[in-house]
Each structure stands twice: as structure tokens, then as C-alpha cells.
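Hi everyone, thanks for making time. Let me put the sequence and the model up on the screen, and then I'll walk you through the fold.

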Amino acid sequence: MFVSGLELWQWMNQAKTEAIAYDIPLAEIDWLLQELAGLDRLALRLESFKDWPKIELKLSLSELAQLWQRRLQERVPVQYLTGVAHWRHFSLTVTPAVLIPRPETELLIDLAVEAVNSHLEAENINQKSTLLRGGEDLNFSQLRREFAKSHWVDLGTGSGAIAIGLASALTNARVYAVDCSSEALAVARLNAENLGFESRINFYQGSWWEPLAFLKGQVSGMVSNPPYIPSSTVLTLQPEVLKHEPHLALDGGFDGLDCIRHLVETAPDYLESGGVWLVEMMAGQAEAVADMLDSHGSYCDVQIFADLAGVDRFALAYRL
């Protein structure tokens, strides 16, 4: 479907007026035109496409207008309208069956990598100590290869973003992605296939650790972005979230900690000694989560990390 640059420019200006009236970020119009018209940021900023004789649209101009009205009137997130969410360096397919992956969640992958490096450095120091006592040495590169051949788990995978991020960053690890929703798993599998990770990620339908009994005591790292919003707070969320994103991925029970509490209790059966426990949480939950981990008796080196906005967002611990 082709339109002239002038027609698309006229639509864009009308959309900007409507966006301001409905309190929607103007950047979302650029997002739509990047995804649906293939325009780049420079062409959008300079509005140079206005003079182009024709631009290929993935749908007709009237269909684009209808899509935009859904954004305005129904508050459908733009990611669901285009079917695409950008996360780290991936373009992920998203549908209303999965939570739209947030930028702050990207830090989970960086924290997992840092945890691996910290583990390896500690092991290398131990090996050097053993060598000094007359033991057998295992050099750092060998340690890295051995630890990389490990099992990592993404519990509540949704779109598969975290599982794909882990597979990309931990290049020799086997990743196991679990979700209770068959619709979410279909999206996650599609993303893994589209991005070339289908041979590195195993998908399982079930509740948390339930499908992974065969991995008891063998998991090197568990990463999760579980539901953590208190039930009463869910009802106050912005309409884009409340009306369109899956409540199953949002509602963490009375205090928002039901799922995190379950992961604290059950993970020790699956994590190997030194295994990583890493979750995302809501602002204000850090102290409670740290207390859970400290008092359980199966974890050590409990750490809290802030997101880019300075909000305590992530909890990390190691299995004793």
C-alpha cells in the first residue's frame, strides 16, 4: 500500500493535534510511522518525507487512522497496535497475551551477567588458593566455559524477553522458560524462533518451578519478573495497563508479594550451591524481599539494586 509523503505528513500533523488533546506522547506517532511506514528518525525529525512521491505503508491510510483512533479512544498501547516492542537490541512480537517488556527490566540481564562474573572471579581466587596449597589449578577461561554450560531459568517468561536476553548474554547456557499461559508461551516461542534462539531455549507450560522437577539442585540461575503489584493497586493503574495488559502478569496478591514469597520458598530446592536468585520487584518492596531472603536461611549475599530512575527494583541473592 503506497501513499504520498504529503498525505502521510498531513495525517501526522492531525495525529499530533489529537495526541496533545488526549495527553498521549508525540513520540508514539513517530513509533507508528517507524514501524508501519519504515521511516527513520532523521526523516521524521526533519519531516523530509513530506516531499517523497510515495511511501510504502503496511496498511492503508484509513486503516492507520483507525488504528490511531484505537490508541486515542480505547487507550490501546502502541506496542499492541503495531505488534512490536523493542527491548535491549531485540524487536519482540507482543500481543495482549503478554506483558509489554519494560526498559527497566533490561537491567535483569546485566545483573545476571555481573553475578556470573562475580562467581567466576570468586572461584578463580579459590582455585589459586588451592594451587598454592599444592592442589590442581583450573584457569579462569576454563572456569568460564564450565559455568557457561549451565542451566538458567526464566520463570513467568511472558513474551520470552528475559529468556532471550539470557540466551544472548550467556552464550553457552541452556535456558528454560516457564509460563502458565499457553498463549504467552506461543508468543515467546515465536520470538525465540524469529531471533534464532529456538535451539537454546526450552519452553514449558506450568506454574513456576512445577515443570522443572528434573532440574532440582542443578540450576545455576533463576531470573524472574513476577507479578508484584498489590491487587488493590492494579485497579488504579493507567488505562493502557488496566484495560489491556494481562492481569495474570500484574497482580501479586494482597501485598504484591505472593509470587516473590513463593519463589523465595521454592528456589532452594532447584538452585545449586552458589546459584543466583534474581527478581524484579515494585518500588517500596525491597526491604520486605531482603528480609525474606535473609530470614529463610538458604541464601547469602543478599543485594538490592536500583533501576535507572534510582528506584530499588531488583533483588539478588546466592544459594548457600
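Let me start with a bit of vocabulary: two strands count as paired if DSSP finds at least two bridges between them. Helices (H or I, at least four residues) and strands (E, at least two) are DSSP runs, numbered from the N terminus.

Now the small print. This is a predicted model, where local features need pLDDT of at least 70 and side-chain atom pairs count only at pLDDT 80 or more, while totals for chains, interfaces and linings use all residues. Residues are numbered from 1 along each chain as its sequence is written, and side-chain values use heavy atoms, with hydrogens and water left out.

Okay, the overview. We have 13 helices and eleven strands in the protein. Its C-alpha trace spans about 75 × 45 × 35 Å along the principal axes. Of the 320 residues, 49% are buried. By buried I mean under 20% relative accessible area; exposed is over 50%, and partly exposed is in between, with a 1.4 Å probe and protein chains only.

On to the sheet. Seven strands make an open sheet with mixed pairing, and the order is E7-E6-E5-E8-E9-E11-E10. Strand E7 (201–205) and strand E10 (299–306) sit at the edges with a single partner strand each, so each has one side without a neighbour in the sheet. On average, neighbouring strands in this sheet are turned by 15° against each other, ignoring direction. For angles like that, axes are lines fitted to C-alpha atoms, for helices over the stretch in contact, and the angles run from 0 to 180 degrees between N-to-C directions.

Let's look inside the sheet, at strand E5, residues 151–155. Four of its five residues are buried, so E5 is largely enclosed by the rest of the structure. On one side, E5 pairs with strand E6 (residues 174–179) in the parallel sense over five bridges. E5 also pairs in the parallel sense with strand E8 (residues 219–224), again over five bridges. Val153 is a handy residue to click on: its bridge partner in E6 is Tyr176, and in E8 it stands opposite Met222.

How do E5 and E6 connect up with helix H8, residues 161–169? Together the three make a right-handed β-α-β unit. Right-handed here means that, with the strands pointing away from you, the path from the first strand over the helix to the second runs clockwise. H8 is largely enclosed too, because seven of its nine residues are buried. The buried ones are Ala161, Ile162, Ala163, Ile164, Gly165, Leu166 and Ala167.

Now over to the edge with E10. E10 and strand E11 (residues 312–319) pair in the antiparallel sense over six bridges. They form a hairpin with five residues between them, and Gly310 in the turn has a positive phi of about 85°. In this pairing, Tyr299 has Arg319 as its bridge partner in E11, and Cys300 stands opposite Tyr318.

Since I've mentioned a cysteine, how many disulfides does the structure hold? Zero, with a disulfide taken as a pair of cysteine sulfur atoms within 2.5 Å. For Cys259, the nearest cysteine sulfur is that of Cys180, 9.0 Å away. If you're thinking about labelling, here are the accessibilities: Cys259 is buried, with a relative accessible area of 14%, while Cys300 counts as partly exposed at 24%.

Next, a helix pair. The axes of helix H12 (residues 258–266) and helix H13 (residues 286–296) come within 10 Å and cross at roughly 20°. That makes H12 roughly parallel to H13, a label that goes to angles under 35 degrees, with over 145 as roughly antiparallel, 65 to 115 as roughly perpendicular and the rest as oblique.

Last stop, backbone oddities. Most residues other than glycine have a negative phi. Asp23, though, has a positive phi of about 55°. Asp23 sits in the loop between helix H1 (5–21) and helix H2 (27–37), and at 65% relative accessibility it counts as exposed. Arg88 is another non-glycine with a positive phi, about 50°. You'll find Arg88 in the loop between strand E3 (84–87) and strand E4 (90–93), where it counts as partly exposed at 30%.

That's my tour, thanks for listening.
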